[in-house]
Amino acid sequence: MGRVTSPTAPVATTGYPWPIETTRLANGLRVVVSEDRTAPVVCVNLWYDVGSRHEPPGQTGFAHLFEHLMFEGSEHVKKTEHMRLVQGNGGSLNATTNPDRTNYFESMPSEHLELALWLEADRMGGLVPALTQETLDNQREVVKNERRQRYDNVPYGDAWLRLLPLLYPEGHPYHHSTIGSMEDLNGAALDTFKAFHAQYYAPNNCVLTVAGDASPAEVFALAEKYFGAIEPVPGIPAAPNGHLAGPATEPVRETVTAAVPAPRIYLSHRTYPFGTAGYDAITVLATVLGSGRGSRLYQRLADGKRIAQPDYIGSYGVDLAHAPAPLIITATAKDGVDLETLEAGLDEVLQSLIDEPVTDEELNRAKALLTTSWWRQVSTVGGRADTLGRYTTQLGDPASAGYRLPSWQAVTADDIVEAATRTLRKDSRVTLTYLPEEKA
């Protein structure tokens, strides 16, 4: 039983002042515990190393569908019972899916820690026997409705679905979105879904994190009690290789005419994988460029030239860890401003990151915003458990979470110029534009 403890240290050194202890069960389940007796609350968080990047051709959307199916009953828990038991005992719960992973979590009064672990163990090892055609068909319809509500029937809602295939080539694991293809979801048989679950939702493909009012010894014992008998799955297939040899070498452009209220532009570039020094520089760059009223985009295009709507301008990175992650810059035109003028303004601000190094004031502001964001994330047991689960799954060590904030704080103006020069080139840019339909 191996354990690692992260020492308490000041922000400048670690950024993560809570203890961390880990172990690995014989079946491969990694267990991470961060004890905090401040309040009688715990969060149980599971990161499964399966997301849309793992989906083979013909099975897109499977990981996201299981985000729904995992709440529809398991071998010893009836349909909707998981949610009822958590909420009925004062807890909250949810799940999310992204290209890299699927995540299930519940925050509970600490007296119900054992209940939460039992529930999660039952659906890890006992979902397939309870999965019926009726449940599958019902949740397929739920996903279709989610697609309509979040993507198809919302102005600009399908931007992410369009950007991914423009950013990543055919066959790349990030080429398609987590919502997947409705044709794939409709065409797959029940046994195909069961096989997908049996292949990936295994103890040796999972990180269980508990943060809050529980000791490592207690959590390790309960993890062994409820998860220890679940058999590991040998030979879990790796996701397709996401390696890309640097930025794209040709610009790509797509224009969409749709029922949108105003012209909008999305500019995007592949940068560096999450967890690298390069992506840390991109994170600070994106904050300087597009976070809030003090950002360059806001100051120059919303306040200055007044060609962009103040509430719809910004930039952000998408934290993907297994290939160069995208940086997305977006702006919506003010009334009477054409798309060409808006795009020229965006291009001018992006070029300024190369020609006009960020000032001390800009850099300090960006780092202050990121510091606030970091501490807001880890100030709750839920945020803490999710953070440790992420760093264990994606970088192999929960204690590496402590290095992210110091890494942002160490970024210099020269680092930002270097990152901008490499990644913001016009010959590697993806440009997605939306134009309003002409009114009859």
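This passage describes a six-stranded sheet, two helices that lie across its strands, and the surroundings of Arg429. The model is predicted, so that local features require pLDDT of at least 70 and side-chain atom pairs count only at pLDDT 80 or more, whereas totals for chains, interfaces and linings use all residues. Residues are numbered from 1 along each chain as its sequence is written, and side-chain values rest on heavy atoms, with hydrogens and water left out.

Helices (H or I, at least four residues) and strands (E, at least two) are DSSP runs numbered from the N terminus, and two strands pair if DSSP finds at least two bridges between them. The six strands form an open sheet of mixed pairing in the order 1-2-6-3-5-4. Strand 1 (21-24) and strand 4 (92-97) each have a single partner strand and stand at the edges, so one side of each lacks a neighbour in the sheet. Within the sheet, strand 2 (residues 30-35) pairs with strand 6 (residues 206-212) in the parallel sense over six bridges, and Val33 has Val210 of strand 6 as its bridge partner.

Helix 1 (residues 62-69) lies across strand 4 and strand 5 (102-109), running at about 170° to strand 4, with angles taken from 0 to 180 degrees between the N-to-C directions of axes fitted to C-alpha atoms, for helices over the stretch in contact (heavy atoms within 4.5 Å). Helix 13 (residues 381-395) lies across strands 2, 3 (41-48), 5 and 6, at about 30° to strand 3.

Arg429 is placed in the loop between helix 15 (413-423) and strand 11 (430-436). At 8% relative accessibility, Arg429 counts as buried, a term for under 20% relative accessible area (1.4 Å probe, protein chains only).

How values were computed: Buried < 20%, exposed > 50% of the residue type's maximum accessible area, 1.4 Å probe, protein only.
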